[in-house]
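Subject: Structure handover

Hello,

Here is the structure I promised to pass on. Please open it and keep it beside this email while you read.

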Amino acid sequence: MESAMTEIAGLIEGEDGRRRCAWHGNLPDYLRYHDEEWGRPVTDDFRLFEKICLEGFQSGLSWLTILRKRENFRVAFDGFDYHRIARYSEADVERLLGNAGIIRHRGKIEATINNAALAIEMEREFGSLAAWFWAREPGVAERPAVVDLDTLMANPTTPASVRISKELKKRGWKFVGPTTVYAFMQAMGLVNDHIEGCCCRGAVERLRAELVRPALPSH
């Protein structure tokens with residue numbers, strides 16, 4: 001029997017014998033996130049808002065650190081319901097700064113409150129956050145012919161993430177640089193960056209093909 005599937009950079013074999021993107025390191029919670037969440041398309045506004053905020057909190061840290069605090073963040077920030085967060089006061093900022101279960105960074109906490117108010121504005125203007133983000137999904141011409149480790153390592157940002165970052169910043173959003181935005185795009189399924197040979201790549205591609213993209217309102 002061929003023990004030997006050809007080694008492909010960026011893949012790791014799990015205890016189940018399946019090959020996956022290597023970045024989860026076979027840590028059980030990180031592997032579950034890779035298999036069940038990362039790259040699967042999301043159209044729920046609160047989940048999109050949660051992810052872009054948590055990517056901002058992740059800046060300078062590992063995503064695993066944030067993942068392991070995510071439930072604490074959800075409790076602390078009212079499930080990332082931006083309608084509620086937009087009403088937070090200075091007392092809420094102090095409450096959050098006292099919460100050892102999250103990342104206690106005043107600038108990032110205040111940015112989340114700021115971004116919540118702007119998310120409401122976008123919801124009113126475009127019908128949903130999902131409609132706005134998915135309208136900016138990169139086309140085939142902007143995607144690499146083959147998604148491999150070298151491509152991902154060489155492209156921590158993309159033209160699409162740069163464009164989205166600039167648009168969000170112009171609207172007043174904070175902690176939404178192009179690297180942060182690209183990590184958000186990868187996680188929320190606006191692109192499929194599971195490496196060729198990863199056992200999840202095909203399933204994510206099928207989900208993306210079947211997805212009904214939320215439509216922008218017609219004016």
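A search of the whole structure finds 14 aromatic pairs. Bear in mind that this is a predicted model. A pair of aromatic rings is described by the distance of the centres and the angle of the planes. Two of the pairs are worth a look.

**Aromatic rings**

Start with Trp23 and Trp38. Their ring centres are 5.0 Å apart. Their planes meet at 70°, so this pair is edge-to-face. An angle over 60 degrees earns that label. Where do the two residues sit? Trp23 is in the loop between strand E2 (19-21) and helix H1 (28-36). Trp38 is in the loop between H1 and helix H2 (45-58). The pair therefore ties together parts that are 15 residues apart in sequence. Burial separates the two partners. Trp38 has 9% relative accessibility and counts as buried. Trp23 has 33%, so Trp23 counts as partly exposed.

Now take Tyr33 and Trp63. The centres of these rings lie 5.8 Å apart. The planes are at 40°, so the pair is tilted. Tyr33 belongs to helix H1 and Trp63 to helix H3 (residues 63-76). They are 30 residues apart, so this pair links distant parts of the chain. Tyr33 is buried, at 4% relative accessibility. Trp63 is buried as well, at 10%.

These residues also belong together. Trp23, Tyr30, Tyr33, Trp38 and Trp63 form one aromatic cluster.

**Helix H1**

Which residues of H1 are buried? They are Tyr30, Leu31, Tyr33, His34 and Asp35. What covers them? The cover includes E2, H2, H3 and H10.

**Helix H10 and its partner**

Two packed helices are described by the angle between their axes and the distance between the axes. Helix H9 (residues 159-170) and helix H10 (residues 178-188) show this well. Their axes come within 8 Å and cross at roughly 115°. H9 and H10 are therefore roughly perpendicular to each other. Their crossing is right-handed. H9 brings Ala160, Ser161, Val162, Ile164, Ser165, Leu168 and Lys169 to the contact. H10 brings Pro178, Val181, Tyr182 and Met185. Sorted by class, the contact has eight nonpolar, two polar and one charged residues.

H10 also holds Gln186. Is Gln186 buried or exposed? It is buried, with 14% relative accessibility. Leaving out residues up to four places away in sequence, Gln186 touches Trp38, Gly39, Leu152, Val191 and Asp193. Trp38 is a name you have met already: it is in the aromatic cluster.

**Helices H5 and H6**

Here is a second helix pair to inspect. The axes of helix H5 (residues 90-97) and helix H6 (residues 106-126) come within 10 Å. They cross at roughly 135°. H5 and H6 are therefore oblique to each other. H5 passes H6 in a right-handed crossing. On the H5 side, the contact is made by Glu90, Val93, Glu94, Leu96 and Leu97. On the H6 side, it is made by Arg106, Ile109, Glu110 and Ile113. The classes come out as five nonpolar, no polar and four charged.

**Two backbone angles to check**

Most residues other than glycine have a negative phi. Two residues here have a positive value. Which ones?

One is Asn26, with a positive phi of about 60°. Asn26 is in the loop between E2 and H1. Its relative accessible area is 28%, so Asn26 is partly exposed.

The other is Phe80, whose phi is near 55°. Phe80 is in the loop between H3 and helix H4 (82-85). At 0% relative accessibility, Phe80 counts as buried.

**One last residue**

Finally, find Asn155. Its place is in the loop between helix H8 (149-154) and H9. Asn155 is partly exposed, with a relative accessible area of 35%. How far is its C-alpha atom from that of Val75? The two atoms are separated by 34 Å. Along the chain, Asn155 and Val75 are 80 residues apart.

Best wishes

Key:
Residues numbered from 1 in each chain as written. Predicted model: local features only at pLDDT ≥ 70, side-chain atom pairs only at ≥ 80, totals over all residues. Heavy atoms only, no water. Axes fitted to C-alpha atoms, helices over the stretch in contact; angles between N-to-C directions. Helix = DSSP H or I, 4+ residues; strand = E, 2+ residues; numbered from the N terminus. Parallel < 35°, antiparallel > 145°, perpendicular 65-115°, else oblique. Left-handed = near helix turned anticlockwise from the far one by under 90°. Contact = heavy atoms within 4.5 Å. Nonpolar A, V, L, I, M, F, W, Y, C, P; charged D, E, K, R; others polar. Phe/Tyr/Trp six-rings, centres within 6.5 Å; stacked < 30°, edge-to-face > 60°. Buried < 20%, exposed > 50% of the residue type's maximum accessible area, 1.4 Å probe, protein only.
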